[in-house]
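Reader: I'm new to protein structures and would like to look closely at one part of this one. Could you walk me through it slowly?

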Amino acid sequence: MLSILEPEQLAPSAAADAEPDGRLRDSHNRTITDLRLSVTDRCNYRCVYCRTGEDGTQYSELPIADYARILRVFVSLGIEKIRLTGGEPLLRQGLLDLIRETAQLRSDFVPSLDIALTTNGHLLAPLARPLREAGLSRITVSMDAVDSETFARITRVPGSFERVRDGIRAAQDAGLGPVKVNCVLMRGFNDSQIEAFAEFSRNEGVIVRFIEFMPLEEGRTWAPETVIPMDEIVARLNAVRPLVELPPNHLSETARRFTFDDGRGEIGIIAPVSRPFCGHCSRVRLTSDGKVRTCLFSQSDHDLVGLMQRGASDDDMRSWIRRVVERKEARHHIGEPGFLKPSRSMVHIGG
Ligand code: SAM
């Protein structure tokens, strides 16, 4: 369901307008420092756990200049990390321009502004160096199997594994390493790959992160039994070689981090279902059609582009964003009675 919130419909809040440091804070006292921006909801893969395989979806994208303006406004509100995603962001024309403009914000606002990108890696090899030169800080590549046959079965694209592996290597050569490789694990589907991913991390010098499957798919494949909980992954990896836990990089770190007892390889486990980390959530999202989502599982979107089209100034946008963010949900309710899947699937939210 889409709720178009006019700024005047949002009750003014003294707290929201009076943050002494000017940063975005919600009513649960979380500071919002991360923005995920989807630059398209088109994708060149049709991963079987994410999409139904049928086409005919309407795609929606904003002009690059609108994303650039939105990013500038968010960064002026204390956003320190931007992740560009999709759909598949490397399909988006003008992406390098957007990264170049975003990198300019480092000198205007936040010298350490982190600009990351999540991609399926299919188009990455020739783009890795231009992305780095445009100002990208780092890259995450999604990969749900490390053998060619399983990978092609998942993506529905023959030859995709080799393309993605070459993309990862090109990203490392371009200075975008260490590359993070995200794998969504599902029981009876790709959980046979856990040990092979450990080897992949050790051999390729990438950080492999296993992510629990969430109810965000287009079809109806999710069930509690499909989720492989963190404890099970840890036990299986420990049987390969003893694991050693690494300290979190920062407070809002979503992954528990491990290496092996010889220090080679790094594994992260992100467990939003079995061990939710909502209490430390520092994120908001913007969909490719310009809607703010304060949680992956939000039941409504907030129409920022509508506000822009009505002629809002940057200051209007800032006050509106503060009020929207203030209402960020305390947590998700996966697994609880009455849980409602959001109406948008992952590919239309921006993963
Ligand atoms: N196309 C890009 C990519 O493949 O990385 C970016 C968008 S994709 C939707 C982002 C990530 O969301 C991918 O790593 C994908 O595996 C993950 N994803 C999709 N559906 C998911 C689900 N139901 N639960 C957990 N992760 C999911």
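Reader: How many helices and how many strands does the secondary structure of the protein come to? After that, please take a close look at strand E3.

Author: Happy to! Before we start, this is a predicted model, in which local features need pLDDT of at least 70 and side-chain atom pairs count only at pLDDT 80 or more, while totals for chains, interfaces and linings use all residues. Residues are numbered from 1 along each chain as its sequence is written, and side-chain values use heavy atoms, with hydrogens and water left out.

To your count: the protein has eleven helices and 14 strands. These are DSSP runs numbered from the N terminus, where a helix (H or I) needs at least four residues and a strand (E) at least two.

Let's set the scene for your strand. The C-alpha trace spans about 55 × 45 × 45 Å along its principal axes. The radius of gyration is 20 Å, which agrees with the value near 20 Å that a compact globule of 351 residues would have; it is taken over C-alpha atoms, and the globule rule is 2.2 Å times the number of residues to the power 0.38. Of the 351 residues, 54% count as buried. Buried means under 20% relative accessible area, exposed means over 50%, and partly exposed is in between, with a 1.4 Å probe and protein chains only. Contacts, meaning heavy atoms within 4.5 Å, tell us about the fold too: among those with a separation of 6 or more, 73% join residues 24 or more positions apart.

Now to E3 itself, which covers residues 34-38. Five of its five residues are buried, so the strand is largely enclosed by the rest of the structure. In a regular strand the side chains alternate between the two faces of the sheet. Here Asp34, Arg36 and Ser38 point one way, whereas Leu35 and Leu37 point the other way.

Which strands flank E3? Two strands count as paired if DSSP finds at least two bridges between them. E3 pairs in the parallel sense with strand E4 (residues 81-85) over five bridges. E3 also runs parallel to strand E12 (residues 283-286), joined to it by four bridges. Follow Leu37 and you can see both links: Leu37 stands opposite Leu84 in E4, and its bridge partner in E12 is Leu286. Asp34 gives you another point to find, with Lys81 as its bridge partner in E4.

You can carry on outward from there. Four of the five residues of E4 are buried, so E4 too is largely enclosed by the rest of the structure. E4 is joined by four bridges to strand E5 (residues 114-119), and the two run parallel. Leu84, the residue opposite Leu37, also stands opposite Leu117 in E5.

These strands belong to an open sheet of twelve strands with mixed pairing, in the order E9-E10-E11-E8-E7-E6-E5-E4-E3-E12-E13-E14. At its edges stand strand E9 (243-246) and strand E14 (302-303), each with a single partner strand, so one side of each is left without a neighbour in the sheet.

Away from E3, a few other spots are worth finding on your screen. In helix H10 (residues 314-326) you will meet Ile321, which counts as buried at 1% relative accessibility. Leaving out residues up to four places away in sequence, Ile321 touches Leu24, Val73, Phe74, Leu77 and Leu304. Ile321 and Leu304 are 17 residues apart in sequence and 8.1 Å apart in space, C-alpha to C-alpha.

The loops hold some backbone details. Asn29 sits in the loop between strand E1 (24-25) and strand E2 (31-32). Its phi is near 65°, a positive value in a residue other than glycine, and at 63% relative accessibility Asn29 counts as exposed. Arg156, in the loop between helix H5 (148-155) and H6, has a positive phi of about 65° although it is not a glycine. At 37% relative accessibility, Arg156 counts as partly exposed. Lastly, look at Pro178 in the loop between helix H6 (160-173) and strand E7 (180-185): the peptide bond from Gly177 to Pro178 is cis, with omega near -5°.
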